[in-house]
2 protein chains.
Amino acid sequence: LSFTVDFEPIGRRVPANRGDSLLEAAQRGGIVLNATCGGEGVCGRCIIQVVAGEVSPPNFGEIAELGEADTQLGWRLACQTEIQGDVRVHIPPESFATAQRTQTEGHDLPIALDPAVRAVRDVFLPPPGLEDLRSDADRLRDALNMPALYFPIPVLRTISNDLRANEFRASIFLRGSTVVGLHPPGTSALGFAVDLGTTKLAGYLVDLESGETLAAMGAMNPQIAYGEDVMARIRHAMDNPEGAEQLRRAAVEALNDLARRLCAQTGRSVSDIADAVVVGNTAMHHLFLGLPVEQLGLAPYVPAESAALEIPARELGLEFAPGADVHLLPNIAGFVGADHVAMLLGSGMLDLGGMVLGLDIGTNTEISLITPRGHFACSTASGPAFEGAHIRHGMRAAPGAIEKVLIHEGQVRLQTIDDQPPVGLCGSGILDLIAQMRKAGILNNRGAIDGPGFEQRIRQGSHGREFVLVAGAENNDLEITFNRSDVTEIQLAKGAMRAGVEILLKKAGITAQQLDKVVIAGAFGTYLDVHSGIEIGMFPRLERDRFLQVGNAAGAGARMALLSTQVRQRAAQVAREVRYVELSSEPSFSSTFARSLLLE
Amino acid sequence: LSFTVDFEPIGRRVPANRGDSLLEAAQRGGIVLNATCGGEGVCGRCIIQVVAGEVSPPNFGEIAELGEADTQLGWRLACQTEIQGDVRVHIPPESFATAQRTQTEGHDLPIALDPAVRAVRDVFLPPPGLEDLRSDADRLRDALNMPALYFPIPVLRTISNDLRANEFRASIFLRGSTVVGLHPPGTSALGFAVDLGTTKLAGYLVDLESGETLAAMGAMNPQIAYGEDVMARIRHAMDNPEGAEQLRRAAVEALNDLARRLCAQTGRSVSDIADAVVVGNTAMHHLFLGLPVEQLGLAPYVPAESAALEIPARELGLEFAPGADVHLLPNIAGFVGADHVAMLLGSGMLDLGGMVLGLDIGTNTEISLITPRGHFACSTASGPAFEGAHIRHGMRAAPGAIEKVLIHEGQVRLQTIDDQPPVGLCGSGILDLIAQMRKAGILNNRGAIDGPGFEQRIRQGSHGREFVLVAGAENNDLEITFNRSDVTEIQLAKGAMRAGVEILLKKAGITAQQLDKVVIAGAFGTYLDVHSGIEIGMFPRLERDRFLQVGNAAGAGARMALLSTQVRQRAAQVAREVRYVELSSEPSFSSTFARSLLLE
């Protein structure tokens, strides 16, 4: 096995031999691609894109199937493409046989529908004539009996043709007295909610009239190409003349793409999207809007704007209804942004009463402490280790990822997503593994790997001592290990979170035992084992039933803001009420952080 | 003299020999270019651009003076450029030794200053620190004590850097509670008013605090390249996939260019322009905004929008202050647009009392009749003949243009602009010439050229009989004639106007004799001889003191709207009150028009 194939976006590296097909390599790596014909080049469903590296040239069948232009861009059939060196491959969502886990799971709280945009679904206008020379806009004002009806320029550019194409009947989307768009009679208005995470996006397509979520989808944040965390991206924006614009465009294109896919899934058009809510941390917010980030990258980390914003979608480059706005919920301060406001609303934690701790775990983890005497929030750079990055055999939550680990009486038992052969470790598996290794005595509280009874699984590797979780001989030559530097990554991540929690508790003058509830949000937070988190000291040691795992609560909050202008008003109030704690200016932060690195 | 040199933008054709310099050709054509050194290639002031045709290559001196890039774009020194074929040359304004007549002359009516944008000229903010983490936007809200202060996205994109560049001091331009821009402390806010005519633009730079007009400038409408009149341009927009966008971009670039020149003249920056008012006829309005024109080009000629509009300048591609809006006054109906509303306001004719007829003469002529019992308006396609177009020796009002003609006792006497040798006829000269030829018996009332006593000046030409106004032998070989088809062009132009006047009088049920005042606006209207206009039947035969020549009243009205939001409100009221008359649906129009063609 002389070459390596990198499969994106699931982040899986698979060894391969010259002459293997990409489909075979994918199968060896536990990646199940669509291949109904069994790799005969007949069904045309295992479409992938070769991003870099050496492979065989496209054959006639592929060119016939995909077209010459696409094959020149690297689009291929995996079963027909032979490996001739190290290769990097992009797998489009539709080529996966099993759906990837999306980052969209979350609970919906009941709210009263009060969307910003409504559709007047069937309006008929008398057509113009020599005795009726009113402008098209005035004609609509009269039909709706709204003399102050306002048409943004992109709407004005379409109404004359839209009216004539539908013989002067239309469904009219209205935001207050502003026309958002004209559509064929009967068309309902759609909303688009987005949680714009540092690593991942979650998008939701919502019917604004019924409040129903029609479709949900996750995607990677393509800004990753310019830096893994917010500080790296801010540096990219500052160091490159086109850097900020590259980041902005990458985010905008990702949102357009997500909207198009969601609409395609439901048989709708992106121009039916009449309103949108986007939430993200302050850095994502600024980069998406093209706001300057220099002053955000240096102490005291001051944003250009923290108030809620209502911006024409077209001005941002989003291809929705011509008059659609994008609503951005308010930021709190520092990097604690609108996504955390949305999480506070979407999780329902503000209304639980008592003392409530909330963690929205991601590449940046935001933490809030809600008490009757005040609300506190901070942000910690926990890094992408729980997303599988920086971990040697880490991967994202995709089929074949080890998601549960049990070490019992000297035996290691694993559970993988979709029961596929194991190909790597996703966040919840990593957390379990550390907790189980600690419990089995394979790890000490400083993170050193050792352990009587596991000698045959422990050895010295190039990154310190390592634990062999899956032996190559038992897994089609694919060995999965966990080493000292992987442990360190997790110590840093969990240490940052725990230190943030401790500082907030101290600010509020309470102890962890006084917490009534601990709310855990975020994609990783949906699947993690709370006991494992407690075992390694990531969470305070409390009874299991004080913990609530709420999934993507930021996404849920964004959907609530989409469906209710009252929720938007409450968001503004919440953002004002939360007291931001800048960890870097807390004198006790470094000692608290050092203590938090220990695996309890 | 084997070749022809076309000088733009003054529209002058000059014969030339191989080897003549462009400066010599210009001088022969009466065009006085800057050439302090007398054509030695030393002063570098006779800069022109060769747009088409064959000339000698640039010499070392020119490349040193102008740079290689500009010489490759055709920029040359006229004195160093030898003619080697037919050539088309563009003369930039700064190369003219005598200023061109601008289209900006007009009277200012006194109004109370009430601009939409004001500057808070010196605001100081406490800089951020670890104890003061407010966003830059919140910092400004607090300093101005305006909690609802709103920042459009293009402003948000600049405030953080602007604040830091000026050490947290700024002059802040505000439109209500919207921030238009941040500027160095002390900066005053400027306004930009534009009369966007079919053929010509007039721009004004105004200080919004003092109300003073700092500079005024005329320019050609570059849309002419795509069609001479509004119908030709609408056809261009409909027949070419990129047509509408070409027209829109041409107008936007012309406005940006005009703003830059006006600002350069006054030592200001275009980013100091905090507000703008643009007026034009309905077609110019739609093409400038990128609105659809298909339905405007066909009966019943319905605009997409007739209400006033307030549009972010950046959305239109105008490079003003980041939050500046462009205000478009309301259109009336058909082609009677915001320029006519501005003319009604800027001429003061609404407040004269009694019965007042107003004509805004241009390529499209708008006519209003104001009576105590109602206001009426129509639009006539009078064409560009009075701008010098379609007339064999016609030209624009530039040095050397014949602007006055007297035929007395068999003698022809001429007056030219700046007393230069005659090179062609501008609008007022054409009008005089027709009136004088008619008076001297050289023209009959149907437009035929004949006349006892002028045999030596009348001959048969390729366009029918022609009158030799200037003999080549007396004018450096440059002959100036006026032929039968020139007469026809003028008959059509004046006939269209007169027919419009007659129809409006009939609608109002009054006779011309009942008119208290006739207001004549427009660039040509500034200089024309009213008696000549009466003689050829363009205007009703009334005493001279009933006529008022008000110059560019549309430009004056645009400036008033820039300085007063109350004027904008009055404009909306005026647009509603005026009753639009669609001439093409008037049964008596064609017979009235036929009668109006006669030279009385």
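Helices and strands are DSSP runs, numbered from the N terminus. In this predicted model, such elements help to describe the walls of the internal cavities. The structure holds six cavities of 30 Å³ or more. The two largest are described in turn.

The largest cavity has a volume of about 370 Å³. Its lining is made of 27 residues. Among these, B:D195, B:G197, B:I361, B:G362 and B:E387 are the closest to the centre. Three elements of chain B each supply at least two lining residues. They are the strand β9 (190-196) and the helices α13 (523-527) and α15 (553-563). By class, the lining of the largest cavity holds nine nonpolar, twelve polar and six charged residues.

The second largest cavity has a volume of about 300 Å³. A total of 22 residues line this cavity. Closest to its centre are A:D195, A:G197, A:D360, A:I361 and A:G362. In chain A, β10 (200-207) and α13 (523-527) each supply at least two residues of the lining. The strand β10(A) gives the most, with three residues. The lining of the second largest cavity divides into six nonpolar, ten polar and six charged residues.

Set side by side, the two descriptions read as follows. For the largest cavity, the residues closest to the centre include B:D195, B:G197, B:I361 and B:G362. For the second largest cavity, they include A:D195, A:G197, A:I361 and A:G362. The helix α13 (523-527) of chain B supplies at least two residues to the lining of the largest cavity. The helix α13 (523-527) of chain A supplies at least two to that of the second largest. Six charged residues belong to the lining of the largest cavity, and six to that of the second largest.

Conventions: Residues are numbered from 1 along each chain as its sequence is written. Chains are lettered from A and ligands numbered from 1 in the order in which they are written. This is a predicted model: local features need pLDDT of at least 70, side-chain atom pairs count only at pLDDT 80 or more; totals for chains, interfaces and linings use all residues. Side-chain values use heavy atoms; hydrogens and water are left out. On a 1 Å grid over the protein atoms alone, a cavity is a set of points where a 1.4 Å probe fits but cannot get out, and a pocket is an open set with protein on both sides within 12 Å along at least five of seven lines; lining residues have an atom within 4 Å of a point. Grid points are joined across faces, edges and corners, and a volume is the space filled by probe spheres set on the points. Helices (H or I, at least four residues) and strands (E, at least two) are DSSP runs, numbered from the N terminus. Ala, Val, Leu, Ile, Met, Phe, Trp, Tyr, Cys and Pro count as nonpolar, Asp, Glu, Lys and Arg as charged, and the others, Gly among them, as polar.
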